[in-house]
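Biologist: Please give me a close look at the sheet of this model, starting from its middle and working outwards. I would like to know how the strands are joined and what packs against them.

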Amino acid sequence: MKTVVLHHQTLGAGPPLVILHGLFGAGENWRTFAKSLADHYQLWLLDLRNHGNSPHASGMSYAELAEDVRAWLDAQALERPTVLGHSMGGKTAMALALTHPDRVRRLVVADIAPVPYRHQSEHRKLIEAMQALPVSEGLTRSDADRLLAEAVPEWTIRAFLLKNLVPEGSTWRWRLNLEALHAGLKDILEFPFSGSYPRPTLFIGGARSHYLLPEYHAAIHERFTQNRMVLLKDAGHWLHAEQPDAFRETVQAFLQRTEHDA
C-alpha cells in the first residue's frame with residue numbers, strides 16, 4: 001500500500017502525544033489544546049492526507065489513512081505514542097490501534113465510534129458547496145463567506161471550512177483535495193475493522209452529539225476492551241472547541257490515571 005509523507009507540527013516536551021484531526025480539519029486547529037498540555041507532553045499535530053499541508057492522494061480508506069500514520073511513526077522513530085483522534089481522525093486512530101496494536105500506547109477517541117455512519121448527504125453538501133465557490137481573481141474572503149452562506153448558513157461551519165481557503169498568487173485554492181474527499185466519502189463513513197485493542201482507551205463524546213449513541217457501545221466494548229466513556233455536557237460533535245476546559249481536563253485525567261497501565 002502506497003503511503004504519503006504527512007506534514008506535522010510539534011511543540012512541548014515529554015512523552016509523545018499524536019493528534020489526528022477530523023474531516024475538513026488540519027493539525028493547526030489543535031494548537032490551543034496542544035499548548036495546554038505542552039508542559040507535560042510532546043505534541044505532534046498531523047495533517048492527514050488530502051488535508052492541511054499534506055500531499056493529495058486518490059484513496060480515503062481508513063486502511064490507507066492508518067498506514068500513512070504508521071509510516072510517519074516509523075519516520076519519526078516514535079515507537080509507542082499515545083494517539084488522540086477526533087471524528088475521522090478518531091477512526092484513523094482506532095484503525096491504527098487495531099491493525100498495529102503494538103504501536104499505540106494509549107488511545108483517546110473524540111466523538112466517534114467504530115461503526116459505519118449513514119449521513120453522507122450533509123458532508124456531500126459541504127464538499128459540493130466548496131467545489132462550487134468561484135475561486136477566481138478578485139474574490140475576497142468576505143465574498144467567499146457570503147457566497148458560501150447560500151449553501152452553508154451556519155457561520156461557525158463556514159468559518160471552519162474557510163480556514164482551508166488559502167491565497168495562491170492573485171487567486172485562491174482549497175488546501176483540501178475536494179475531489180478525493182467527494183469520491184471517498186463512503187469510505188470515510190465506514191469502519192471495516194475487527195479484532196481488539198487491549199490497552200487503555202478513552203471515548204469522549206458530546207452529550208448533544210449523535211456520534212456516540214448507546215447502540216454503538218457494543219461495538220466499542222468488543223474492539224476496545226479497556227475502554228472508559230465520558231460524555232461532556234453542553235457539547236456537540238466539536239466538543240474540544242465547544243467545551244475546551246472540560247475536554248482538556250477529561251483527557252488529562254485519563255492520561256494521568258493510565259500513566260503506568262499502558
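Modeller: Start with strands β4 (residues 82-86) and β5 (residues 107-110), which run parallel and are joined by four bridges. One position to look at is H86, which stands opposite A110 in β5. Two helices that pack on this sheet come next. Helix α2 (residues 62-76) touches β1, β2 (16-20) and β3 (42-46), and its direction makes about 135° with that of β3. Helix α11 (residues 244-257) also packs on the sheet, touching β2, β4, β5, β8 (197-206) and β9. The direction of α11 makes about 165° with that of β8. Keep in mind that this is a predicted model.

Now the whole sheet. Seven strands lie in the order β1-β3-β2-β4-β5-β8-β9. The sheet is open, and its pairing is mixed. The edges are β1 (8-12) and β9 (224-232), each of which pairs on one side only. Neighbouring strands are turned by 20° against each other on average, direction ignored. As background, strands of a sheet pair through backbone hydrogen bonds, either parallel or antiparallel.

Look next at β2, which sits between β3 and β4 in the order. The pairing of β2 with β3 is parallel and runs over five bridges. Within that pair, L17 has L43 in β3 as its bridge partner. Strand β2 is mostly covered, with four of its five residues buried.

Go back to the ends of β4 and β5. The loop between β4 and α3 holds S87. The loop between β5 and α4 (120-132) holds D111. Most residues other than glycine have a negative phi, and most peptide bonds are trans. S87 is not a glycine, yet has a positive phi of about 55°. D111 also has a positive phi of about 55°, and is not a glycine either. Are these two residues buried or exposed? S87 has a relative accessibility of 10%, so S87 counts as buried, the cut-off being under 20%. D111 has a relative accessible area of 0%, so D111 is buried as well.

Next, the α11 side of the contacts. F247 is placed in helix α11. With a relative accessible area of 1%, F247 is buried. Leaving out residues up to four places away in sequence, F247 touches W30, F33, L84, A110, I204, L232, L239 and H240. Match some of these to strands: L84 falls in β4, and A110 is the β5 residue opposite H86. I204 falls in β8, and L232 falls in β9. F247 and G205 are 42 residues apart in sequence, with C-alpha atoms 9.2 Å apart in space.

Now the α2 side. The axes of α2 and helix α3 (residues 88-99) come within 8 Å and cross at roughly 70°. That angle makes α2 roughly perpendicular to α3. From α2, the contact uses Y62, L65, A66, V69, R70 and L73. From α3, the residues are M88, K91, T92, A95 and L96.

Beyond α3, follow the chain towards β5. R103 is found in the loop between α3 and β5. R103 is buried, with a relative accessible area of 14%. Not counting residues up to four places away in sequence, R103 touches R70, L73, D74, L78, E79, R80 and P81. Of these, R70 and L73 are also among the α2 residues that contact α3. The C-alpha atoms of R103 and L78 are separated by 8.4 Å, although the two residues are 25 apart along the chain.

Finally, set the sheet in the whole chain. There are eleven helices and nine strands. The radius of gyration is 18 Å, close to the 18 Å that the globule rule gives for 262 residues, so the chain is as compact as a globular protein of that length. Along the principal axes, the C-alpha atoms fill a box of roughly 55 × 40 × 35 Å. Buried residues make up 53% of the 262. Among contacts with a separation of 6 or more, 76% come from residues 24 or more positions apart. The accessible surface is about 11500 Å², and carbon and sulfur atoms account for 51% of that area.

Notes: Residues numbered from 1 in each chain as written. Predicted model: local features only at pLDDT ≥ 70, side-chain atom pairs only at ≥ 80, totals over all residues. Heavy atoms only, no water. Pairing = 2+ DSSP bridges. Axes fitted to C-alpha atoms, helices over the stretch in contact; angles between N-to-C directions. Contact = heavy atoms within 4.5 Å. Rg over C-alpha atoms; globule rule 2.2 N^0.38 Å. Buried < 20%, exposed > 50% of the residue type's maximum accessible area, 1.4 Å probe, protein only. Areas by Shrake-Rupley, 256 points an atom, 1.4 Å probe, with all protein chains shown as cover. Parallel < 35°, antiparallel > 145°, perpendicular 65-115°, else oblique.
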